[in-house]
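I opened this entry to keep a record of what I looked up, in the order I looked it up. The topics are overall make-up, one buried lysine, a methionine in a loop, cysteines, salt bridges and a surface patch.

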Amino acid sequence: MNQEPRKNQGRFGEILRVLRKHHVTKGIDPVKLCLILEDLGPTYVKLGQMMSMRSDILPERYCKDLARLRTNVKPMSFDMILEVLDQLLPTAKEKIFAEIDPEPLGSASIAQVHRAVLKNGENVVLKIQRPGIKETMAEDIALLQKASGLLNFAAGTGDLIDFRSVIQELWETTKEEMDFIKEADHLELFYKNQETIRYVDCPKVFREYSSEKLLIMSYMEGIRIDQVALLEESGYDMVEIGQKTAENYCKQILEDGFFHADPHPGNLWICGGKISWLDLGMTGHLTDQYKAVLKRAISAILKNDIYELKNAFLSFGNPKRSINHAQLYTDLDDMVGRYMNVDFGSMNLGDLLEDTLDLLKKHEIGVASDVTLLARSMVTMEGTLKTCSPQVNMMQILATHMSSVIWNDFDLKKELRHSLLSIYGSSKKSLEIPAQMSDLLNITKNGQIRINVEASDARELKVQVQNHVNQITITILAAVFWFSSAILCLTDLQPKIWGIPWLAFGGFVIGTVFILWLLIRMLIWKRKL
């Protein structure tokens, strides 16, 4: 009955040994963090992968280093693969496969991929889940959840980053990725969404052999999108490939609301003249609301409409504190101004997204995970385009696609009806203006007018001044108690504790408690800054 606590204690000991090995007390940097996560095992590798998508939480240099954790996982032995297949397949593997390649095509934190040939001669790919991975990760997640409060305190983030929610999000995402039936659903949904696009493809699922822990898909024979020399030798036009890849990606975001969340070159292959999207284990879903907000934000940037951009900006998340609207307008105006002066064909979408996420952090606006996943996915997509088609600009393609979406969505009758209603509403309000002006003048004449001004900066300044006053007060009180105890030590008051009058001893203890409390408050305040 004590097995569970012992397991946790053993795992906790392993974690401490890894942390000691990497000398975490001497500080941490992106490279060291990656090494620690790799040594800690699949759960922490997965956590690193997920955090690489969260520019709203981690600095960009950490996100870039954590992104490489995608491939650096030690593969399972082929004997273990054969054992697992015997357990997962509905019938003997010899009856299904003519051949299984012992060399893995890839090895990730959750699964390993091998090529195989079915008895009918069809080439397939086997995605096999690591045995016991779900149980191991469940134990690690339980430990992380227990430590979430400590993580918040150590990071000095207060309520801005809820590590418990981040860990819970990691666990929900990972459970979804560990269910290969859901990945099969993703592949079929993706195929359905792209059915009318002749130049796009994805693997076909073999449902009869697949299960929660085993996914069998058609093998896509082709060339990776970043192998430019090979593609050009085969007669492909790299500019056309880049444009069509970006165009299809924009369709996934703005029209389908279901997008590939990890479009790095390893997941994009050119197979038989088509762009094949592989590994749909990590996907993003955008609700109709978020799709509408995204379209509003892009339109606002293109039109330099700061008011509309601010509204779209606030619709992306939930503010953690009251918004300083004047400062937000200024920051958005500065950001848009920087990009409006840049030629559209050379605008960097990655820089724009990073600036946007920095603004969200600055104004303490919590963002839904789907939005940050989309931002990181867009940055990955832009990086992929740079390796295969540097001439293709993601922002330009996005704007062009946006224009076509707006035109396709345009409904003349609806727009006319909306305009007539707006004119009617405006004219009705305009008739009320003289009466309202008359009322306002009467109120002013009678001295009843009152103006409320909201000053966010003044309120923050007031809080800071109050904190300083409290610190000075505590310091004075501590000094009073210490001086009083020093004077009482010269008297012969009874009773005594260790030869010191009890009043003097009590005064010294109270003064010390005040000073300790003050030091702790100052440390917390500095961390928040």
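**Overall make-up**

I started with the secondary structure and found 21 helices and 15 strands in the protein chain. I note here that the model is a predicted one. I then looked up burial: 41% of the 529 residues of the protein chain count as buried. For the surface, I read an exposed area of about 29,700 Å² for the protein chain, with carbon and sulfur atoms supplying 58% of it. I also checked how far apart in sequence the contacting residues are. Among contacts in the protein chain with a separation of 6 or more, 65% are between residues 24 or more positions apart.

**K127**

Which strand holds K127? I located K127 in strand 4, which covers residues 123–129. I wanted to know whether K127 is buried or exposed. Its relative accessible area is 12%, so K127 counts as buried, the cut-off for buried being under 20%.

I next listed the polar contacts of the K127 side chain. One is with the side chain of E183, at 2.7 Å. Another joins the side chains of K127 and D279, at 3.5 Å. Both acidic partners come back in the contact list, which leaves aside neighbours within four places in sequence: E183 and D279 are on it, together with A111, Q112, V113, F180, K213, L214, L215 and M217.

**M220**

I moved on to M220, which sits in the loop between strand 6 (214–218) and strand 7 (223–224). Although M220 is in a loop, its relative accessible area is 13%, so M220 counts as buried. What does M220 touch, not counting residues up to four places away in sequence? I found D201, C202, P203, C271, S276 and L278. I also took a C-alpha to C-alpha distance: M220 and G272 are 9.0 Å apart in space and 52 residues apart in sequence.

**Cysteines**

C202, one of the residues that M220 touches, led me to the cysteines. How many disulfides does the structure hold? I found zero. As a reminder to myself, a disulfide is a covalent bond between the sulfur atoms of two cysteines. I looked up accessibility for two of the cysteines. C202 has a relative accessible area of 5% and is buried. C250 is at 0% relative accessibility and also counts as buried.

**Salt bridges**

I searched the whole structure and obtained 15 salt bridges. I went through some of them one at a time.

R115 and E221 form a salt bridge, with the closest N and O atoms 3.5 Å apart. R115 lies in strand 3 (residues 111–118) and E221 in the loop between strand 6 and strand 7, so this pair ties together parts that are 106 residues apart in sequence. That loop is also where I found M220. R115 counts as partly exposed because its relative accessibility is 26%.

D185 and R207 meet through their side chains in a salt bridge of 2.6 Å, N to O. D185 belongs to helix 10 (residues 180–193) and R207 to the loop between strand 5 (200–201) and strand 6, so the pair ties together parts that are 22 residues apart in sequence. I read 37% relative accessibility for D185, which counts as partly exposed. R207, at 33%, counts as partly exposed too.

D288 and K291 form a salt bridge with their closest N and O atoms 3.5 Å apart. Where do D288 and K291 lie? Both are in helix 13 (residues 288–303); they are three residues apart and so separated by about one helical turn. I checked the accessibility of each partner. D288 is exposed, at 61% relative accessibility, whereas K291 is buried, at 12%. I then looked for shared partners and found D86, K93 and E94 joined by salt bridges into one network.

**Surface patch**

Last, I looked for nonpolar area on the surface. F508, V509 and V513 make a nonpolar patch of about 260 Å². I placed V509 in helix 21, residues 502–528. V509 is at 37% relative accessibility and so counts as partly exposed. This figure is over the 30% that a residue needs to be part of a patch.

Notes:
Residues numbered from 1 in each chain as written. Predicted model: local features only at pLDDT ≥ 70, side-chain atom pairs only at ≥ 80, totals over all residues. Heavy atoms only, no water. Helix = DSSP H or I, 4+ residues; strand = E, 2+ residues; numbered from the N terminus. Buried < 20%, exposed > 50% of the residue type's maximum accessible area, 1.4 Å probe, protein only. Polar contact = N/O pair within 3.5 Å; in protein donor to acceptor, adjacent residues only side chain to side chain. Contact = heavy atoms within 4.5 Å. Patch = residues over 30% accessible without salt bridge, like charges linked within 9 Å, V, L, I, M, F, W, Y side chains within 5 Å. Areas by Shrake-Rupley, 256 points an atom, 1.4 Å probe, with all protein chains shown as cover. Salt bridge = Lys/Arg side-chain N within 4 Å of Asp/Glu carboxyl O. Disulfide = S-S within 2.5 Å.
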